[in-house]
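The following note is offered to a colleague who is new to this structure. It takes up selected secondary-structure elements in turn.

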Amino acid sequence: MTSVSGSKRVIGIGNEFRGDDGVGPLLVRQLRQRKDFEKIEFLECSGDTTVLFEKWNPRDEVILVDVICSGGQAGSIYKFDALSAPLPSDLFPSVSTHVLDVSRSIELARSLGRLPKKLLVFGIEGKSFQTDSKLNLKVKKAMEKVTEEIRKEFVDYA
Amino acid sequence: MSTRTIKVDYLARVEGEGALYIKTKGKKVEDVKLKIFEPPRFFEAFLQGRRMEEAPDITARICGICPIAYQMSAVHAMESICGIQVAGPLRELRRLMYCGEWIESHTLHVYLLHAPDFLNYDDAVQLAKDHPQVVQQGLELKKAGNEMISFLAGREIHPINVRVGGFYKVPGRKKDFDPILEKLKKARELAIKTVKWAASLSFPDFEQEYEFVSLQHPKEYPLNEGRIVSNKGLNISIQEFEQHFEEVHVPHSNALHCVLKIRGDYLVGPMARYSLNFNRLSPLCQEIAREVGLESSCRNPFKSIIVRAIEILYACDEAIRIMEEYEPPDQPFMKYELKEGIGYGCTEAPRGILYHRYQVDKEGLIVNAKIVPPTSQNQKRIEHDLRSFVSPNIDLPKKDLTWKCEQAIRNYDPCISCATHFLKLKIENIS
């Protein structure tokens, strides 16, 4: 639902069939079921991230959740305010040269004046991206922490 | 006499991973290698033993940017074994779906991958900072193509509605197309602007002599059907492909190079289609091409951006025609009986002809498969063009020459991921 003041949206980015890459969509599906998050709109983005900005309106407050592939410890959580500075592009892997990764997609939105009112990005360090593998336990644990962060941003201060 | 080596270890803005190696001695180009180090994916191998009905869904995974092309070549091949030919509204729907793929694939390349080269930007994000309206125009056009594919095929990436014999589900009424039709009419206007804008860019003088190869159909600009022809006299059925073309493994690449047995390298893709089929473009496309000064044959690979823009316009025009004339078919697919045999499919992917051949047993299981993507057919020609391109530019500073070589490769919109699907692997243990 879009009000005059905009919506609160959480967008989970990733491929659920690629192990830890599915953390974004899986988190979104969990939160969508919860009554305490019922005023939030949840979206999944498993394909082309080139035009992420088409998933929000200028007055919206948006949180993106995506996996990070930096070689760091699985389950590490990163939080970025994407309005104040570009995301470090080396943390968010590009799956193809025919789509823009999350960091460049946000910069494209910035160039086109299509950023929302608020844009936070949570990255969870993944470990395994094999086809059809389950989420790493540390990644699963990190989902709980990110859930609490989303609650603080979108529910507790609503 | 000095020797220079130009190495680009990772080509940006091409699908997959590739590298370029050029060695010069004085003003002479000694060696050119387009190195592919994308890991091969063995699709031809793991298709063996699968059911023939699975071929479109499996082969669609070869490429995220041209899955429709793989599905079309696969179903045509299987249908030829079963002795059926999809016609009427189902045939038109296949053309319509292919139009959607051409629009989104060509638009992506024109605006996000190729345009930055002509305007001296590192990438589309930088281009968007100074020319937001240009990039926005491209994104709107791409969106129209994506929405067409989603509407007909179920989803944009790895579509799910294509099957042997037709589709799982088709629009029940002509008016079901109305929302998409309106978007395509707007897209057509954007496509006209795209042609005019592309034609206004600056191009180096680099005309080459090509053997162009494409499909040719008696009545229409080729998408799904036709004979394989060239501007040097080739005119064969798709069943004769392997009698005239062969794949060769080269040491520096994971991808096989495909060559004409009697004449070597050749070129497939938009320039080939355009040059061999100009008079089958819609009247609007021919008019706009003439208006911007593009002749009926294009032999400058840098001007391929204009030709792609013309094809985007054609795809919009053709899509509108099909939607306006649509009559729902009686059934979403034709019935068929499983047969054993060998079947052939060859359709025009955005990057050029995509050839499939399958042998199927009496149980309907795939015995063997051969897939020849367009980029593997162009690789030898790309190396040839680089050899010609580097020589007159040899005095440029290395950084500038490197950048120009990268741009030259991007002229062909190579889909390196498609071209490395198969390799005969031999392991030799030297102890």
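1. The model is predicted. A suitable starting point is the hairpin formed by β12(B) and β13(B), in which five residues lie between the strands. Within this hairpin, B:G364 adopts a positive phi near 85 degrees.

2. The two strands of the hairpin, β12 (residues 352-360) of chain B and β13(B), run antiparallel and are joined by six bridges. B:H356 is found opposite B:I371 of β13(B). Strand β13 itself, residues 366-372 of chain B, is mostly covered, with five of its seven residues buried.

3. An open sheet in chain B consists of three strands in the order β6-β7-β8, with antiparallel pairing. Its edge strands are β6 (213-216) and β8 (235-236) of chain B, each of which pairs on one side only.

4. Four bridges connect β6(B) with strand β7 (residues 227-230) of chain B in the antiparallel sense. B:L215 has B:I228 in β7(B) as its bridge partner. Helix α9 (residues 270-277) of chain B packs on this sheet and touches β6 and β7 of chain B. The direction of the helix makes about 50 degrees with that of β6(B).

5. Does the length of helix α3 (residues 67-82) of chain B agree or disagree with the span expected for its 16 residues? At 1.5 Å a residue the helix should span 22 Å, and its end C-alpha atoms are 23 Å apart, so the two values agree.

6. Helix α3(B) is mostly covered, since 15 of its 16 residues are buried. The residue that follows α3(B) is B:G83, with a positive phi near 75 degrees.

Note on methods: Residues numbered from 1 in each chain as written. Chains lettered and ligands numbered in written order. Predicted model: local features only at pLDDT ≥ 70, side-chain atom pairs only at ≥ 80, totals over all residues. Heavy atoms only, no water. Buried < 20%, exposed > 50% of the residue type's maximum accessible area, 1.4 Å probe, protein only. Pairing = 2+ DSSP bridges. Expected span 1.5 Å × (residues − 1). Contact = heavy atoms within 4.5 Å. Axes fitted to C-alpha atoms, helices over the stretch in contact; angles between N-to-C directions.
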